[in-house]
Structure formats: structure tokens, C-alpha cells
Amino acid sequence: MIHISTARKIFDKGEFSVSFLTAKGECRHVEHAVSLKWDFHSGTRTIKCIPSGEIRRIRDAFIIAVNDEEVYF
């Protein structure tokens, strides 16, 4: 189990996998992603899925796991 501050450092280092909840309450998992941008004020992060090129915006509060390690606040 890791703290969200440690997860943010992992996001800044490069490639990672992440599990998060969507606005509809679905659990999603993305392998091989990189963080493009982080907005401190809104608490959102823009990530890019490397294999598909898909870009998603997720809230840090909805992140469940990073690199298969559970995240807590």
C-alpha cells in the first residue's frame, strides 16, 4: 500500500499502470501509461495509454492502484 504522494512521484518518473474509478463508478485499469499533465487546483491528471494512444483525464481522488500497489490518502 502506498500514499498518494508516492503515487504522484511514480507518475512523474515515467511509464506506469493505474487503476481508477470512472465518473459512472466503473473500475478501469490502464497498462503502460504516462502522465502528460497534472492540475493541482482541480486535482486532475491527464494520462496517455501508450499502446492505443488514448488520452484520459482522471481525478487523483479516484485512483485505486498504481503499479498494482493499492493507494491511500
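Glu54 is partly exposed, with a relative accessible area of 39%. In this predicted model, its side chain has a partner: Glu54 forms a salt bridge with Arg56, and the closest N and O atoms are 3.3 Å apart. Arg56 is also partly exposed, at 24% relative accessibility. Elsewhere, salt bridges that share partners join Arg8, Arg45 and Asp60 into one network.

## Charged pairs

Side chains of opposite charge can pair when their charged atoms come close. The count for this model comes to four salt bridges. One of them links Arg8 and Asp60, whose side chains meet with an N to O distance of 3.1 Å. Arg8 lies in helix α1 (residues 4–13) while Asp60 sits in the loop between β5 and β6, so this pair ties together parts that are 52 residues apart in sequence.

How exposed or buried are the two partners? Arg8 is partly exposed, with a relative accessible area of 26%. Asp60, at 3% relative accessibility, counts as buried, since buried means under 20% relative accessible area.

Another salt bridge brings together the side chains of Glu26 and Arg28, at 3.0 Å from N to O. Glu26 counts as partly exposed at 38% relative accessibility, and Arg28 is partly exposed too, at 36%.

Here are three of the salt bridges side by side.

| Salt bridge | N to O distance |
|---|---|
| Arg8 and Asp60 | 3.1 Å |
| Glu26 and Arg28 | 3.0 Å |
| Arg56 and Glu54 | 3.3 Å |

## The sheet

Now to the strands. In what order do the seven strands of the open sheet stand? The order is β1-β7-β6-β2-β3-β4-β5, and the pairing is mixed. Strands β1 (2–3) and β5 (55–59) stand at the edges with a single partner strand each, so one side of each is left without a neighbour in the sheet.

Let's look at strand β2 (residues 16–21). Five of its six residues are buried, so β2 is largely enclosed by the rest of the structure. On one hand, β2 runs antiparallel to strand β3 (residues 27–39), and five bridges join the two. Within this pairing, Val18 stands opposite Val30 in β3. The hairpin of β2 and β3 has five residues between the strands, and there Gly25 takes a positive phi near 90°.

Strand β2 also pairs with strand β6 (residues 63–66), again in the antiparallel sense, over three bridges. Here Ser19 has Ala65 in β6 as its bridge partner.

Ala65 is a handy residue to follow onward, for it also stands opposite Glu70 in β7. Strands β6 and β7 run antiparallel and are joined by two bridges. What is the backbone like in the hairpin of β6 and β7? It has two residues between the strands, and Asn67 takes a positive phi near 50°.

From β7 you can step on to β1: these two strands pair in the parallel sense over two bridges. His3 stands opposite Tyr72 of β7 in this pairing.

Tyr72 lies in strand β7 and is partly exposed, with a relative accessible area of 40%. If you would like a landmark for it, take Phe20: the two residues are 52 apart along the chain, and their C-alpha atoms are separated by 12 Å.

## A negative patch on the surface

Which residues form the negative surface patch? The members are Glu15, Glu31, Asp68 and Glu69. Residues in such a patch have no salt bridge, so these four acidic side chains stand apart from the charged pairs described above.

Asp68 is a good member to locate on your screen. It is found in the loop between β6 and β7 (69–72). Is Asp68 buried or exposed? With a relative accessible area of 62%, Asp68 is exposed, given that exposed means over 50%. For a sense of distance, compare Asp68 with Lys48: the two are 20 residues apart along the chain, and their C-alpha atoms are separated by 18 Å.

Methods
Residues numbered from 1 in each chain as written. Predicted model: local features only at pLDDT ≥ 70, side-chain atom pairs only at ≥ 80, totals over all residues. Heavy atoms only, no water. Buried < 20%, exposed > 50% of the residue type's maximum accessible area, 1.4 Å probe, protein only. Helix = DSSP H or I, 4+ residues; strand = E, 2+ residues; numbered from the N terminus. Pairing = 2+ DSSP bridges. Patch = residues over 30% accessible without salt bridge, like charges linked within 9 Å, V, L, I, M, F, W, Y side chains within 5 Å. Areas by Shrake-Rupley, 256 points an atom, 1.4 Å probe, with all protein chains shown as cover. Lys, Arg positive; Asp, Glu negative; His and termini not counted. Charge placed at Lys NZ, Arg CZ, Asp CG, Glu CD.
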